[in-house]
Amino acid sequence: MTAASDPATSADQPVGLLPADRCGVEVRDLSKRYGDTVALDRLSVSARPGEVLGVAGPNGAGKTTMIKILADEVAADSGEVLIDGEPWTPSIRARGIAVVHQEPQLFPNLTVAENLLVGRERRRVLIHGPNGDERALMEDLGIARFADHRLGSVPLAVQQRTEIARALADEPRILLFDEPNSALTEEESDDLFRRIHRLAESGHVVILVSHRLSELVAHTDRVAIVVDGRCTTVLDGAHLTEDRIARELVVGARGEGRSGASPAETDGGVLVALEGWAHGRGRFGGVELDVREREVVAVVGVEGSGARELVRSVAGFEGATGRLTVAGETGRAAARRTAYVSADRQMSLFPNLTVAENIVARLDREIASRAGVLRRGRAVALGQDARDRFGIKTGTVTAPIGSLSGGNQQKVAIAAAIVQRPAALVLEEPTRGVDVGSKAEIYGLLRRYADDGNAVLMFCTEDAEVFEAADRVHVVSRGSVSPAIRVGDHADVESLAGELARLEEHGARRPQPPIDGSAP
Ligand code: ADP
């Protein structure tokens, strides 16, 4: 893939790098592994003074690892970082790289003001308190009234703003923002972005990691797309649109090895099979359908077509007859090998519980003591693991579920299903009411689950979702199910949508299939 932004990039120049002008930050071929996990795979990208470089990528793409290496919090395995043409050294770090983390990395036992000062200013003792500039900064960021409050006792938004104040107070030349505003209101975010623009205009290098596409478009000059530890393209100018970023993220999330080759053509075994499957109240009938290992299969159809009921029946939420096999089990045992995520988050989540409690709520054996009492520490630990694994954005897993964005609540609902280790995940409209960035992340999450040797069956109402997330799709029309269409055979959503519409029509004209029970 070429750098959409930069016609000047020569053929042998890695994607992401600008022609060297010795100015700003240049990351070259950075690699980093954590055990077997490749976090960065020869990532190259450059950021110039005077611009805001956005970084977008699915969860687990390596964005935070890159920021941590630039901030000297983690060592790279190989590759180099040049600052103004000089190799990165700790003295350069001291000359001014500041980072605002996604989750504030501060001292909960110190006050907000102390957190702003501690470790920064060696000559001045904490007891003197903030100077005029620092006080003005706290005023500007709306945290002055919390100056004497213990950090651990203030809301996450104040903690995040304290971290921002701390980074800005040093007036560093290079500023790294890793989703700095996840806990800020829109107004507070706007204020932060005004500051970020001013910093860039005055010659700072600013790198902003964000999953909010509108923000990337509105507040950055170029956006580097990072997928699987590499920069796959850089967008700017007319290319820098929400649609284009979303598309690049999804293209990456689909993975290189999958280009059009549906796992149905590979030797993955059948994990879910429906034979002579018919709805108890006649919504569909005569269904023959399978989902293989490592495969995501979508079912589409208008309301009343039977598509939704078909998917729900596989998880045991609609009565049906015929033969269902899941991972070699049939009957009730088959339904037990599936986990279901409803279209309505209120059905999948417990609104009065925390994030961690929601994730582990169905894991009775793993979180209860012998006496049957909840082991709270174990629940929190499992919740934290799941938060990291599924990229759930929350300051703490003991936060109420309602404090998360819709997209992150949906990730919790899916995580709660996956931690039960089902062989097949059954979902209804997996991204209903979710922003486009979270959508791409959820598709990535489903893909990783499938890649682990599992099956995904989902009811979708959007053609784009089918295109982005599924390997094959069936159209249900008046209770009759079409043969599977391979999504990879279609170059774009429009072509796929055309075929789905044609099948919908065609199906509608077909005679009704033999259906058990009464007519629809
Ligand atoms: P992103 O910020 O794009 O979501 P990260 O840089 O956090 O991605 O993670 C990249 C990959 O490295 C992920 O697969 C993640 O699970 C893994 N990873 C990150 N930090 C660690 C760590 N400390 N130990 C083990 N694996 C890690």
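Helices are taken here as DSSP runs of H or I that span at least four residues, and they are numbered from the N terminus. In this predicted model, the largest share of the shell around the ligand, three residues, is supplied by the helix α1. Both α1, which covers residues 63-70, and the strand β2, which covers residues 37-47, contribute at least two residues each to that shell.

The residues that surround the ligand are Tyr34, Thr37, Ala39, Pro58, Asn59, Gly60, Ala61, Gly62, Lys63, Thr64 and Thr65. By character, this shell divides into four nonpolar residues, six polar residues and one charged residue. Oxygen atoms of the ligand are approached both by backbone and by side-chain atoms: a backbone N or O atom of alanine 61 lies 3.0 Å from a ligand oxygen, a backbone N or O atom of glycine 62 lies 2.9 Å from a ligand oxygen, and a polar side-chain atom of lysine 63 lies 2.7 Å from a ligand oxygen. Of the 560 Å² of accessible area that the ligand has on its own, 61% is covered by the protein.

Elsewhere in the model, the largest nonpolar core holds 47 residues, of which Ile414, Leu425, Met458, Val466 and Val473 touch the most other members. When residues up to four places away in sequence are left out, leucine 425 touches Ala339, Ile414, Ala417, Ile418, Leu446, Tyr449, Ala455, Val456 and Leu457. A second core, separate from the largest one, consists of 32 residues, among them Leu141, Phe177, Leu199 and Leu208.

Note on methods
Residues are numbered from 1 along each chain as its sequence is written. This is a predicted model: local features need pLDDT of at least 70, side-chain atom pairs count only at pLDDT 80 or more; totals for chains, interfaces and linings use all residues. Side-chain values use heavy atoms; hydrogens and water are left out. A nonpolar core is a set of buried Ala, Val, Leu, Ile, Met, Phe, Trp, Tyr and Cys residues joined through side-chain atoms within 4.5 Å. Buried means under 20% relative accessible area, exposed over 50%, partly exposed in between (1.4 Å probe, protein chains only). Contact means heavy atoms within 4.5 Å. A residue is near a molecule or strand if one of its heavy atoms lies within 4 Å of it. A polar contact is a pair of N or O atoms within 3.5 Å; within protein, one must be able to donate a hydrogen and the other to accept it, and residues adjacent in sequence count only if both atoms are side-chain atoms. Accessible areas come from the Shrake-Rupley method with a 1.4 Å probe; for residues, only the protein chains shown count as cover. Ala, Val, Leu, Ile, Met, Phe, Trp, Tyr, Cys and Pro count as nonpolar, Asp, Glu, Lys and Arg as charged, and the others, Gly among them, as polar.
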